[in-house]
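Q: Please take a close look at one strand and its surroundings. Then tell me about the rest of the assembly in brief.

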Amino acid sequence: MNYDAIVIGAGMSGLAAGIRLAMFDKKVVVLEKHSIPGGLNSYYQRKNRQFDVGLHALTNFIKKGEKGKPFSKLLKQLRLSYDDFKLHPQTFSKIQFPETTLKFSNEFELLETEVREKFPQDFENFLRLVEKVKDFNELSLDIGYSSSREVLKKNLNDELLIEMILCPLLIYGSAWEEDMDFAQFVIMFKSLYFEGFSRPEGGVRTILSLLMKKFEDAGGEIRFRTPVQEILVENNEVVGIRTDKEELRAKIVLSSMGYPETVKATPALAEKISPRSGHMTFLESIFVFDKKLPEQSTITFYNNASTYSYRRAQNFFDPTSAVVCYPDNYEGIQEGEGTVRITYMANYPQWKELSREAYLGMKTKVGESALDLIKKLNPTFNGELLFQDIFSPTTIEKYTWHQNGTVYGSTDKTRDGKTPVKNLFIIGTDQGFLGIVGSILSGISMANLHGLMQSGDA
Amino acid sequence: MTAKNVRQIVLDIIADIAPDESVDSIDDSKSLREQLDLDSMDFLDIVMELRKRHKVEVPQEDYPKLATLESCVAYLSPKFA
């Protein structure tokens, strides 16, 4: 079988790339190892309850009609309508450290007010930083690395403010420990603080079914339960892939497997490069209670120390900090059960080594720790626990096939998507855009650049 | 095909790829990018739609020739002839 393009992975970036190519009459097939779409942003069902695997919040919120923003680009490029996403904006979120709390919402003024009240001596500096962020062209593909911590130290005096600003930005997207590239910082700052959070009604399923329908309507082909065993290369040029059943030929291959994972599947690449697997992986606990919790925030970025340590946990998981998400606290969500999701940083090698029995014991420990935190943050709550589920770094590895159970992928990104093999491109997390909106834009821009612009003769 | 037809073809495409934009009040001699909320991704779509709908090819080095409606008509008309 001969295709114009093979896309590996039916996650956000793979589906988006598939749509762009199919829209302009390319013969394209998306191959997915799992039986359902989504990749790192998939979904599952337990006891008649629907859960999202990864989605706490969709970043890059815009109001209907807003222009020139990442989300509006996504809508235009995929010809989707704003209303299809049925977005519910967040109430507000907060960054909670022992010394103080900073609230932010989809109106940037709230964060400004909070910084003015709580860090008055640094407020002018903060405003200058905001201007710097606004003026920075983070989408340029040829900017070099600069440390966000260094830039922040040059601009702000208060160490605590620096830690608090960094906390949500690191844990919502950094593949690197402790610090991030300033260009990534700017992307995240705009996505979280300028634009903000929302949640599509129905969660990640809503987004995936929009993408699936668009792809199929455009004439794209998708195959589930189809793991790619090898990416085939001849004379340093990609020629197709091999599954366990057959070979498929194509002019280009776009891989969303991850950079190290793609290299592993491509012997011709493994001879040349070895991108590193990241260290950052997480534990996610989900609790359902019989009623809503008193906490009003959508997301609490909790840290029980003056400095924020963003790194592989030293001992299985690190309860010092957590992301606490209340998925019912979006505007326009009806009262019902109360759900809380708690994310801890974890240590993949340690989880990987556990025996079955020790693994279950450690999960119980994580659950107890997370329940304690819920009680600490909601001292008056007396709801009854109806359901709980925890997934670990090895669960993430099992369903995403990411080495180390990484969520934000490799620490070696390829911003232009190119690999040393001709016509084999990386899309998704390891191309370097972040979050659901970022992944979709990654698929779009790589399909545009490598699948549409370069192929007048295809 | 007349210049007027070519102009309408381009306007139809813009209306489809940027449904929120009003194309009625465009000044033909001014940059499209400045008048409408169009970025490089949108210009790619104009090119892709020209190919898909009208089998007209615009090589990458010629993208700047689509800067204004006037220049679009001047550049594309011979291709529609």
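A: Two strands count as paired if DSSP finds at least two bridges between them. Keep that cut-off in mind. The model is a predicted one.

Start with strand 6 of chain A, residues 93-96. This strand has two pairing partners to look at.

One partner is strand 14 of chain A, residues 299-303. Strand 6 and strand 14 of chain A run parallel, and four bridges join them. That satisfies the cut-off of at least two bridges. Within this pairing, A:Lys94 has A:Thr300 as its bridge partner.

The other partner is strand 7 of chain A, residues 101-104. Here the sense is antiparallel, again over four bridges. A:Lys94 appears in this pairing too: A:Lys103 of strand 7 stands opposite A:Lys94. Strand 6 and strand 7 of chain A make a hairpin, with four residues between the two strands.

Now turn to the faces. In a regular strand, side chains alternate between the two faces of the sheet. Strand 6 of chain A is covered on both faces. A:Ser93 and A:Ile95 lie on one side, and both are buried. A:Lys94 and A:Gln96 lie on the other side, and they are buried as well. So A:Lys94 is a buried residue with a bridge partner in strand 14 of chain A and a residue opposite it in strand 7 of chain A.

Next, the place where chain A touches chain B. Twelve residues of chain A and 13 residues of chain B take part in the contact. On the chain A side, helix 2 (70-78) and helix 14 (435-452) each supply at least two residues. Helix 2 of chain A gives the most, with three residues. By class, this side of chain A has five polar, four charged and three nonpolar residues.

Finally, chain B itself. Its secondary structure consists of four helices and zero strands. From the N terminus, the order is α-α-α-α. The radius of gyration of chain B is 11 Å, close to the 12 Å that the globule rule gives for 81 residues, so chain B is as compact as a globular protein of that length. Along the principal axes, the C-alpha atoms of chain B fill a box of roughly 30 × 25 × 20 Å. Of the 81 residues in chain B, 27% are buried. Among contacts in chain B with a separation of 6 or more, 56% join residues 24 or more positions apart.

Technical notes. Residues numbered from 1 in each chain as written. Chains lettered and ligands numbered in written order. Predicted model: local features only at pLDDT ≥ 70, side-chain atom pairs only at ≥ 80, totals over all residues. Contact = placed C-beta atoms within 7 Å. Nonpolar A, V, L, I, M, F, W, Y, C, P; charged D, E, K, R; others polar. Rg over C-alpha atoms; globule rule 2.2 N^0.38 Å. Buried ≥ 20, exposed ≤ 12 C-beta atoms within 10 Å, placed from the backbone.
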